[in-house]
Structures are given as structure tokens and as C-alpha cells.
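Subject: Structure for you to look at, with notes

Dear colleague,

Here is the structure I promised to pass on to you. Please open it and turn it around for a while before you read my notes underneath.

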Number of protein chains: 2
Amino acid sequence: MPKTTGLRERKKRERRRRIEDVAMELFALQGFDATTIDQIAAAADIAPRTFFSYFDTKDDVVLADYANRLGRILHELDQRPTDEPAWSALQRSFAAVASDYAAEADRLAQRFAIMAATPSVQARSLQLQAGWEHTLTAHLATRLAAASGDPVPRLLAATSVAVMRASLHHWLTTPRSVELPTLVQDAFDRLGVGLAPR
Amino acid sequence: MPKTTGLRERKKRERRRRIEDVAMELFALQGFDATTIDQIAAAADIAPRTFFSYFDTKDDVVLADYANRLGRILHELDQRPTDEPAWSALQRSFAAVASDYAAEADRLAQRFAIMAATPSVQARSLQLQAGWEHTLTAHLATRLAAASGDPVPRLLAATSVAVMRASLHHWLTTPRSVELPTLVQDAFDRLGVGLAPR
DNA sequence: CTGCGAAATTGCAGAGATCGCAGAACTAGG
DNA sequence: CCTAGTTCTGCGATCTCTGCAATTTCGCAG
């Protein structure tokens, strides 16, 4: 399955990263809004039209790795034993992502800055997270063998994503006193009391 | 303070509503994306340019009353005694909004449908909710007299907004079996256990 | 009822993002 | 080297949203 090979695949990936790098550099240099697709394309040596076959939106460049984060969460979730309480499993999974984040604080901070200053990017970010929430909801529904009318899966998904976002925001916003994973752990702990299976 | 008077004020409000009504009608008729600002302007008897002095974005028309919702929440929050636990106060406040929602299910459903079908509107919606979260965070920080590095206010704000959104989504999405206020109450109850003041 | 300053409306021009389409260029295999 | 399948390009078109400056309308005082 894992077609690591294939010149085509590889080139595509490389190019995508190149576009991303070049774009982020321009953003840092002259600001997100002030940077046009044409400039990015020129700097990345592609036709402007081609940009859109790599990214749906200019915003997406800043959020390029959101998809992987979700993948990570789901992966971690699958690793957890089926009989582990959902909330606990979520906690572990998000903790893993929190570690990832913590390991690349600088990269994150840069993107966060753009996000904070650019409404459309912020909006896009939230939209992608809503996507996580949706996928997570489905995943949890399966895991819990929940009835289709059960609000619990969505509640769990929404809450955990919210907790993660709040923690991350807090971490990036205040003088770094507590580590992100700790922050996330604590938050999950607090809410966990009431979310334990009946 | 409430300058209900003033021809100017009133006209502005009336016109805003007229634009909103006309626009919603067009959206229902031909879809959100297929409706242009020009069409709305024509139907509302204003210059296209003028549209943007009433709404920042086409998306905002669909979400016109979000500002009031937040106002309602904050108002309810202020009504609650200062010594009431924050989570409890939030629960009551959101319950009030839930009632509002329940009372206008049809209107809501219509807008929700547009939102679900139109990414940009969904994104905008989430962005506005992030604004709620921000305001709520500040409000709670004051109420709790929290230190500036305390993550709790944001955690509470993020969680409650998430709960509200999840409940609303669930309510609008599944066959109406449980009433929205109940849904919200229950969700708050569950999470409340762990969020009670130490 | 008349004139003035403030506020709102309007038109115009334009930048930019994004999309559909069709032809050109390129890659994987055989 | 040749063919079928992809990807990249270039072009045109549409729309949202903005800045600016001219005009119109409103609220109020004289």
C-alpha cells in the first residue's frame, strides 16, 4: 500500500513542500495578505494556475499539516484498547499531538501569528477543526457502538477538540510557564470526571 | 442609553433587516453561492456598494443575529450572582439561549442548511463563535478574578461554546426526540462534575 | 423654512482569489 | 520509441470586497 516510490508521487510531495516553504517565507517577509498567488507561484517556479492543484486556498498553505494531525489522533486512538473509556483514550491521543506541537514550537508560533492576524486563515483553521470533530464523532460512535441518536460521541469530540484548541491557544499566548502536554493533561483530567462512562 | 429614537437609527435598522430578508429569500430560491451581491442589492433597492456598509461579508447575512446571541449570554451571565460557580452560571446562560433557539427552530434550520452547504459560511460561523469564546474568556476572567496566566477562564469558555455548538448541531441533525434545552442541560451537567471549583 | 455640517449612499475603478477549459508537456510502461 | 494517462499551463471570466471622491440625505439650529 505505502507507495513511497513513484517518481510522480515523490515529485508531487516535494513540490508541495517547496511551495509551502517559499510561501511561508514570503508571508513572513511581507505579510500574508500582501503576498499574492502570483508571487508565490513565481517564487516556486510554477504557473499561478498550478498553485491551486496543490492547495485549495491560499489559507491552506498556513495550515498545511492539519490533515496529519488528525491522522495522528485517529492513529493513536486506534492503538488504545477498545475497553478503555473513550475520554481516557482521547486524552492519550491528544496528549500525543500535544507532544508533537511542543516539539515544534517555533514553527507553530509562526503560523499562529499569521492566523491571529488574518481572519480568513483563522476561519479556515476552525473549519478544518470542525472537520476533525466530524471525523472524530464518527470514529467514537463506532468505538462506543453508540446508537445513531446518541449525542455523546459528538459531545466528546467537540469537547476534546475544544480543550485542545484552548490549551494550545493559552500555551502560545501566555508566557511559557507550563508545558503544553501538561496543560492538555490537566484540562482533560478536569472534564473527565463527568464524562466517565456511567 | 437605548436610543430607540432617531429616524436615522431606525431607518438603518429597518434597511438592514430588509436586506437580510430579501437576501435570505434569494438564497432559499437559488442557493447561496448562486446569489450575487448585485442581485441582493437590486432586490433590496440599494446600490451594490451600499451592501457592504450593512454587512461586512455576504456570509454575515446568514449569521446576522450572532451578535445578539452573545449579548444574550453575557446579559444572562451578569444576572447570575457573583458567588455562583462559573460553570453553573454558564449553564443557565446557555440554557437561555437554547430556549431562544428552540423558539425559532424553523428560522434556524433554514440558516443551518445554508451553513452546512456553504463552507465559507460555516467558517465564518465558527469564527464568530471564536469571538464569543474570546469575549467570554475575558468576562469569566473578571468574574473569577483569575490571574492573567490562569487557563481556566479560557477552558470554561471554550468548553461551553463547544457544548452549545455540539448540542445545537445534534438537535438540528437528528430526528427531534429531545428538546434542545434539555440536551444542553444534560451536556453541561456531565461536564460540570469536573469543572466545579476546587 | 432655510442653511450647515455630519453621515450615508452611490459609482467607478481595480486588485485578487478561484474556477473551467483545452492544449502542451511529461511520466510510466511496454 | 510509442501510447495512454497525468499534470501543468495559459487564458478568460466571475465575484467578492476595497478605496476614493462626488452626491444626496438627515438632524438641527437659527
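Below I describe the chain, then one pair of helices, and then the way the two copies meet.

Please keep in mind throughout that this is a predicted model, and that every value below was computed from it.

I would begin with chain A, which holds 10 helices and 0 strands, so that you can follow the helices one after another as you read along the sequence, in the pattern α-α-α-α-α-α-α-α-α-α. The C-alpha trace of chain A spans about 60 × 45 × 30 Å along its principal axes. Of the 198 residues in chain A, 35% are buried. If you look at the contacts in chain A between residues at least 6 apart in sequence, you will find that 59% of them join residues at least 24 apart.

A pair of helices that may repay your attention is H5 (residues 66–79) and H6 (residues 86–103) of chain A, which pack with their axes 8 Å apart and at an angle of about 140°. Angles over 145 degrees would count as roughly antiparallel and those from 65 to 115 as roughly perpendicular, and H5(A) and H6(A) are therefore oblique to each other. Their crossing is right-handed. On the side of H5(A) the contact is made by A:Arg69, A:Arg72, A:Ile73, A:Glu76 and A:Leu77, while H6(A) brings in A:Ala89, A:Arg92, A:Ser93, A:Phe94, A:Ala96, A:Val97 and A:Asp100. Sorted by type, the residues of this contact between H5(A) and H6(A) are 6 nonpolar, 1 polar and 5 charged.

Let me turn now to the two chains together. Chain B is superposed on chain A by a rotation of 180° with 0.0 Å of shift along its axis, and the RMSD is 0.0 Å; the two copies are thus related as by a two-fold rotation axis.

Where the chains touch, 30 residues of chain B and 30 residues of chain A take part. On the side of chain B that touches chain A, the elements that give two or more residues are helix H8 (119–144), helix H9 (152–173) and helix H10 (180–195) of chain B, and H9(B) supplies the largest share, with 10 residues. That side of chain B consists of 16 nonpolar, 10 polar and 4 charged residues. Finally, 100% of the interface residues of chain B are also interface residues in chain A, so the copies meet through the same surface.

With best wishes

Notes:
Residues are numbered from 1 along each chain as its sequence is written. Chains are lettered from A and ligands numbered from 1 in the order in which they are written. This is a predicted model: local features need pLDDT of at least 70, side-chain atom pairs count only at pLDDT 80 or more; totals for chains, interfaces and linings use all residues. Copies are superposed by least squares on the C-alpha atoms of residues with pLDDT of at least 70 in both. Two residues are in contact if their C-beta atoms, placed from the backbone, lie within 7 Å. Helices (H or I, at least four residues) and strands (E, at least two) are DSSP runs, numbered from the N terminus. Ala, Val, Leu, Ile, Met, Phe, Trp, Tyr, Cys and Pro count as nonpolar, Asp, Glu, Lys and Arg as charged, and the others, Gly among them, as polar. Axes are lines fitted to C-alpha atoms, for helices over the stretch in contact, and angles run from 0 to 180 degrees between N-to-C directions. Angles under 35 degrees count as roughly parallel, over 145 as roughly antiparallel, 65 to 115 as roughly perpendicular and the rest as oblique. A crossing is left-handed if the near helix is turned anticlockwise from the far one by less than a right angle, and right-handed if clockwise. A residue is buried if 20 or more other C-beta atoms lie within 10 Å of its own, exposed if 12 or fewer, and partly exposed in between; C-beta atoms are placed from the backbone.
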